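Student: Could you pick one part of this model and take me through it closely? I'd like to see how the pieces around it fit in too.

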Amino acid sequence: SVMLVDIDDFKQINDVYGHDAGDSVLKTVSNMLRELVRDYDVVSRWGGEEFLLLFPNLAKSDATGRAETIKAAVQAYQYTYNENLLHITVTVGVASFGQYDTTDSVIKRADNAMYQGKNMGKNKVVAAQA
């Protein structure tokens, strides 16, 4: 399974608190993601405020639950920057490999699911349809 995790309202963090705050949020979320996955899963920065997570042998039936755990952990984290409490949330798009999928097609489906979550109000997990 594959997940695309996007930090919600990241531009607003940079605009209000500065790019150092944004960098700190990226590092914190990155560290959280690494702590929330198995040792052999892969967490990588995909671009900007997006992360691509690869879950070898994670069944489609388990992927959405794992994404919900990630979303909830980020939302519950008490993040402060220069004594300001920042409310950080993520939107997660989830896709699993089907018989005829390529890596590109699975990532594209996860990306589309993530944008669907953004359009639904953010702080969501959306599983892509096969």
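Tutor: One bit of vocabulary before we start: helices and strands here are DSSP runs, with at least four residues for a helix and at least two for a strand, numbered from the N terminus. Keep in mind as well that this is a predicted model.

Let's take the sheet and zoom in on S3. The sheet is open and has five strands, in the order S2-S3-S1-S6-S7, with mixed pairing. S2 (42-47) and S7 (125-127) sit at the edges with a single partner strand each, so one side of each has no neighbour in the sheet. On average, neighbouring strands of this sheet are turned by 20° against each other, ignoring direction.

Now for S3 itself, residues 50-54, and its link with S2: the two run antiparallel and are joined by five bridges. You can pick out the register from the partners: Val-43 is opposite Leu-53 in S3, and Arg-45 has Phe-51 of S3 as its bridge partner. S2 and S3 make a hairpin, with two residues between them. In that turn, Gly-48 has a positive phi of about 55°.

What does S3 pair with besides S2? S1 (2-7) pairs with S3, again in the antiparallel sense and over five bridges. Here Val-2 has Leu-54 in S3 as its bridge partner.

Next, look at what packs over these strands. H2, residues 19-36, lies across S1, S2 and S3, and it runs at about 10° to S3. S3 is mostly covered, too, with four of its five residues buried. As background, side chains in a regular strand alternate between the two faces of the sheet.

H2 also leads us to the cavity. There is one cavity of 30 Å³ or more, and the volume of the largest cavity is about 50 Å³. Its lining is made up of Val-25, Thr-28, Val-29, Met-32, Val-74, Tyr-77, Tyr-79 and Ile-88. H2 contributes the most to that lining, with four residues. By class, the cavity lining has seven nonpolar residues, one polar and no charged ones.

The largest pocket holds about 210 Å³ of space. It is lined by 14 residues, and those closest to its centre are Asp-8, Asp-9, Gln-12, Ile-13 and His-87. H1 (10-17) and S5 (84-86) each supply at least two residues of the pocket lining, and the largest share, four residues, comes from H1. Sorted by class, the pocket lining has six nonpolar, five polar and three charged residues.

Finally, check a couple of loops for backbone angles. Most residues other than glycine have a negative phi. Glu-83, though, has a positive phi near 70°. You'll find Glu-83 in the loop between S4 (79-81) and S5, and this residue is exposed, at 82% relative accessible area. Asn-123 also has a positive phi, near 55°, and belongs to the loop between H4 (103-119) and S7. That loop takes us back to the sheet, since S7 is one of the edge strands.

Notes: Residues are numbered from 1 along each chain as its sequence is written. This is a predicted model: local features need pLDDT of at least 70, side-chain atom pairs count only at pLDDT 80 or more; totals for chains, interfaces and linings use all residues. Side-chain values use heavy atoms; hydrogens and water are left out. On a 1 Å grid over the protein atoms alone, a cavity is a set of points where a 1.4 Å probe fits but cannot get out, and a pocket is an open set with protein on both sides within 12 Å along at least five of seven lines; lining residues have an atom within 4 Å of a point. Grid points are joined across faces, edges and corners, and a volume is the space filled by probe spheres set on the points. Ala, Val, Leu, Ile, Met, Phe, Trp, Tyr, Cys and Pro count as nonpolar, Asp, Glu, Lys and Arg as charged, and the others, Gly among them, as polar. Two strands pair if DSSP finds at least two bridges between them. Axes are lines fitted to C-alpha atoms, for helices over the stretch in contact, and angles run from 0 to 180 degrees between N-to-C directions. Contact means heavy atoms within 4.5 Å. Buried means under 20% relative accessible area, exposed over 50%, partly exposed in between (1.4 Å probe, protein chains only).
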